[in-house]
Amino acid sequence: MRHLVLVLLVPLLAGCGVRHAPLDDGGGGPSITPTVRHEVRDAFFREPPRCAIVLPTLGEPPGPFTARAIEAALARQLTGRLPRVIGPKERTDKARGLGVAVRTADGRATLARRTDCHHVVVPRPADTSTVHAGVWSRVRLGLDVSLWRVGADTPLWRARHTATRSEGGLPTSPLSAVVSAASASVNAADPAVHRSVLADAARRIVRTLPDTRGL
């Protein structure tokens with residue numbers, strides 16, 4: 001019961017703030033404040049990217065989130081940071097037209113050359129889960145996203161963040177138990193909640209990418 005109380009209090013204590021920290025900062029342990037960890041290498045500014053291809057997600061995430069939805073959400077956010085973004089549909093169409101596989105180095109190089117788009121964004125799910133405990137539920141999506149110049153062996157930018165949405169609470173009466181259970185069930189199963197969590201994760205992560213549209 002003590003553990004359940006602590007879990008239910010975390011969203012109340014965390015509030016709406018988001019903390020930013022270096023990618024390699026361990027932070028001294030878990031934090032109740034949503035944290036976006038990121039790094040930008042000097043090479044990013046020597047040749048700022050003007051176009052990026054969103055590559056297929058590395059691994060299908062568990063739970064309600066799909067790889068294609070993650071790629072599309074990132075592409076939408078990246079349009080506010082880069083002059084040009086090739087999202088999942090355009091990427092698939094162009095790769096199919098060229099007869100290349102973007103999961104291979106040769107395929108990416110060909111696609112980059114033929115589209116004049118020489119950077120790629122790589123999404124990787126992490127710490128993703130849905131927990132439904134009767135009167136309480138939590139939807140969690142963690143993403144690790146990096147931007148690379150095609151052919152390079154070191155990312156120019158990388159960020160990771162875990163977005164969560166919790167509903168329900170400790171029942172104080174039979175009626176509150178029914179309300180909490182209903183709220184928890186909706187939170188765990190509603191596609192609108194999943195889209196919102198995904199949008200939060202993508203937005204917070206991409207916000208750490210320097211804006212190159214005016215360069």
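A residue counts as exposed when its relative accessible area is over 50%, as buried when that area is under 20%, and as partly exposed in between. With this in hand, the charged pairs of the structure, a predicted model, can be visited one by one. The structure holds ten salt bridges, and a few of them are described here.

A good place to begin is helix α4, where Asp93 forms a salt bridge with Arg96. The closest N and O atoms of Asp93 and Arg96 are 3.7 Å apart. Both residues belong to α4 and sit three residues apart, about one turn of the helix. Arg96 has a relative accessible area of 60%, and because this is over 50%, Arg96 is exposed. Its partner Asp93 has a value of 37%, which lies between the two cut-offs, so Asp93 is partly exposed. The pair does not stand alone: Lys89 joins Asp93 and Arg96 in a network of salt bridges.

Helix α4 also takes part in a salt bridge that reaches another helix. Here Glu71 pairs with Arg91, and their closest N and O atoms are 3.2 Å apart. This pair links distant parts of the chain, with Glu71 in helix α3 (residues 67-78) and Arg91 in helix α4 (residues 88-98), 20 residues apart. Both Glu71 and Arg91 are buried.

The two helices joined by this pair pack against each other at an angle of about 110°, with their axes 9 Å apart. An angle of 65 to 115 degrees counts as roughly perpendicular, and therefore α3 is roughly perpendicular to α4. On the α3 side, the contact is made by Arg68, Glu71, Ala72 and Ala75, which meet Pro88, Lys89, Arg91 and Thr92 in α4. Sorted by class, this contact has three nonpolar, one polar and four charged residues. Glu71 and Arg91 thus appear both in the salt bridge and in the helix contact, while Lys89 appears in the contact and in the network with Asp93 and Arg96.

A further salt bridge involves a strand. Arg149 forms a salt bridge with Glu47, the closest N and O atoms being 3.5 Å apart. This pair, too, links distant parts of the chain: Arg149 lies in strand β7 (residues 136-149), and Glu47 lies in the loop between α2 (42-46) and β3 (51-54), 102 residues apart. Arg149 is partly exposed, with a relative accessible area of 31%. Glu47 is likewise partly exposed, with a value of 43%.

Technical notes: Residues are numbered from 1 along each chain as its sequence is written. This is a predicted model: local features need pLDDT of at least 70, side-chain atom pairs count only at pLDDT 80 or more; totals for chains, interfaces and linings use all residues. Side-chain values use heavy atoms; hydrogens and water are left out. A salt bridge is a side-chain nitrogen of Lys or Arg within 4 Å of a carboxyl oxygen of Asp or Glu. Helices (H or I, at least four residues) and strands (E, at least two) are DSSP runs, numbered from the N terminus. Buried means under 20% relative accessible area, exposed over 50%, partly exposed in between (1.4 Å probe, protein chains only). Axes are lines fitted to C-alpha atoms, for helices over the stretch in contact, and angles run from 0 to 180 degrees between N-to-C directions. Angles under 35 degrees count as roughly parallel, over 145 as roughly antiparallel, 65 to 115 as roughly perpendicular and the rest as oblique. Contact means heavy atoms within 4.5 Å. Ala, Val, Leu, Ile, Met, Phe, Trp, Tyr, Cys and Pro count as nonpolar, Asp, Glu, Lys and Arg as charged, and the others, Gly among them, as polar.
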